[in-house]
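Colleague: I should like to request a close look at a single part of this model, namely the surroundings of the ligand. Please explain it in a form that a first-year student can follow.

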Amino acid sequence: SAELLQQLKGKESVTKDGKKVQLYANIGSVSDMVSVFANDAEGIGLFRSEFLYLEKEDYPTEEELFQAYKSVAEMMAGKKVIIRTLDIGADKQVEYFHMEKEENPAMGYRAIRLCLDRPAVFKTQLRAIFRASVFGNVSVMYPMIISVDEVRKIKELVEEVKKELRAEDIAYKDIEQGIMIETPAAALISDLLASEVDFFSVGTNDLTQYTLAIDRQNAKLDAHYDAHHPAVLRMLRMVVENGHKGGCWVGICGELGADISLTEEFLRMGVDELSVSPSRVLSVRKEIRRSDLSVPKTDKNA
Ligand code: PEP
Ligand code: MG
């Protein structure tokens with residue numbers, strides 16, 4: 001019950017046999033922090049940064065972005081805050097981006113594709129994130145990655161941004177950089193991607209959509225949108241293995257991460273972090289604390 005879940009506040013997210021899991025929350029705006037604290041999340045595993053753009057009539061300034069990131073970083077007081085860079089596309093209406101209408105926005109000009117194509121917009125956001133990094137424990141994460149080349153281009157832009165900040169005498173930290181694994185391409189080359197970044201976070205919402213070729217927004221297909229499909233779970237397992245081999249920690253920030261029927265399986269795969277809606281934190285903590293990985297289990301989905 002809700003009352004019993006409340007008793008899990010302040011408790012560790014640790015299995016019976018002592019495996020500690022990072023249990024973070026997903027947020028979309030600074031106002032979501034209320035429920036982050038109410039539900040005792042241990043960090044922010046996904047700060048979706050779209051809202052700052054969607055709610056405006058024109059590009060948010062570096063200062064506006066910086067203030068938002070800084071306030072979340074400060075509120076979390078040393079706990080991790082993973083800021084995802086802009087994931088906007090033709091499906092999201094932002095007039096000032098002047099995007100053409102597309103037949104297939106989910107596979108279109110969006111997210112990192114748009115950011116690499118418009119480096120001035122991207123660098124403004126990167127500057128804000130790196131400036132905010134000195135006010136807490138900030139990491140940055142890039143969405144919709146499909147290639148090593150994209151990651152290298154991003155890292156070049158990041159180096160430019162750092163160089164500019166140094167020239168202006170503005171403080172920043174060399175924060176962790178990670179990528180979302182949310183395309184089958186990224187999952188299948190996760191061994192190569194692992195040597196480029198510090199962490200992976202699996203976006204199961206999009207990974208399911210692209211793996212099954214099922215539009216996540218089409219209600220008529222809801223019955224076919226099966227995140228438990230073995231194709232999705234096999235990729236997840238592969239991503240964890242490849243990530244760990246390449247020295248990355250691996251988390252899940254899609255909705256599937258909150259599915260308590262899979263919590264123990266995720267932990268057995270070696271998932272290091274789960275980032276879920278704030279309202280799901282305590283039920284996932286309950287499931288983690290109930291799991292015992294020292295008891296062997298046969299795995300139906302492998
Ligand atoms: C995902 O795709 O699983 C994800 C977390 O990103 P979003 O839901 O914002 O696309
Ligand atoms: Mg996504």
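Modeller: Two residues are said to be in contact if their C-beta atoms, placed from the backbone, lie within 7 Å. The structure shown is a predicted model, and every contact named below is to be read in that sense.

The shell of residues around ligand 1 is the natural place to begin. Ligand 1 is surrounded by L46, R48, D87, E182, G203, T204, N205, D206, C253 and G254. Two elements, β2 (44-48) and α10, each give two or more residues to this shell. The largest share comes from α10, with 3 residues. By character, the shell consists of 2 nonpolar, 4 polar and 4 charged residues.

Several of these residues also carry annotations. An unreviewed UniProt entry lists E182 and D206 under "binding site". These two residues are spread over 25 residues of sequence, yet they cluster in space, with a largest C-alpha distance of 5.3 Å. The feature "binding site" is also placed by UniProt, again in an unreviewed entry, at R48, R84, N205, D206 and R216.

Consider E182 in more detail. E182 is situated in the loop that joins β5 (177-181) to α8 (184-188). Is E182 buried or exposed? E182 is buried, because 27 other C-beta atoms lie within 10 Å, and a residue counts as buried if it has 20 or more such neighbours. When residues up to four places away in sequence are not counted, E182 touches P143, M144, G203, D206 and L207. Of these contacts, G203 and D206 also belong to the shell around ligand 1.

The partner residue D206 belongs to helix α10, which covers residues 204-212. D206 is buried too, because 22 other C-beta atoms are found within 10 Å. With neighbours within four places in sequence left aside, D206 is in contact with E182 and T183. The contact between E182 and D206 thus appears from either side.

The next residue to examine is R48, which is part of strand β2. R48 is partly exposed, because it has 17 other C-beta atoms within 10 Å, and that class covers counts between the limits of 12 or fewer for exposed and 20 or more for buried. Apart from neighbours within four places in sequence, R48 is in contact with G28 and R84. R48 and R84 are both among the positions that UniProt gives for "binding site".

R216 is another of those UniProt positions. R216 lies in the loop between α10 and α11 (230-245). R216 counts as partly exposed because it has 16 C-beta neighbours inside 10 Å. Its contacts, neighbours within four places in sequence again being left aside, are N205, Q209 and Y225. N205, one of these contacts, is a member of the shell around ligand 1 and is also listed by UniProt as "binding site".

Some other parts of the chain may now be described for context. V140 is located in strand β4 (residues 137-142). V140 counts as buried because it has 25 C-beta neighbours inside 10 Å. Residues up to four places away in sequence not being counted, V140 touches I83, T85, I129, I175 and Q177. The C-alpha atoms of V140 and G89, which are 51 residues apart along the chain, are separated by 20 Å.

I129 leads to a pair of helices. The axes of helix α4 (residues 62-75) and helix α6 (residues 119-132) come within 8 Å and cross at roughly 35 degrees. The crossing of α4 and α6 is right-handed. On the side of α4 the contact involves E62, L65, F66, Y69, K70 and A73, while α6 contributes T124, Q125, R127, A128, I129, R131 and A132. The residues of this contact comprise 7 nonpolar, 2 polar and 4 charged.

Lastly, two backbone angles deserve attention. Most residues other than glycine have a negative phi. D40 has a positive phi, near 60 degrees, and is not a glycine. D40 is placed in the loop between α2 (33-38) and β2, and D40 counts as partly exposed because it has 18 C-beta neighbours inside 10 Å. A111, likewise not a glycine, has a positive phi of about 50 degrees. A111 lies in helix α5 (residues 111-117), and A111 counts as buried because it has 22 C-beta neighbours inside 10 Å.

Conventions:
Residues numbered from 1 in each chain as written. Chains lettered and ligands numbered in written order. Predicted model: local features only at pLDDT ≥ 70, side-chain atom pairs only at ≥ 80, totals over all residues. Axes fitted to C-alpha atoms, helices over the stretch in contact; angles between N-to-C directions. Helix = DSSP H or I, 4+ residues; strand = E, 2+ residues; numbered from the N terminus. Left-handed = near helix turned anticlockwise from the far one by under 90°. Nonpolar A, V, L, I, M, F, W, Y, C, P; charged D, E, K, R; others polar. UniProt positions renumbered as here; feature names shortened; annotations may be inferred. Near = placed C-beta within 6 Å.
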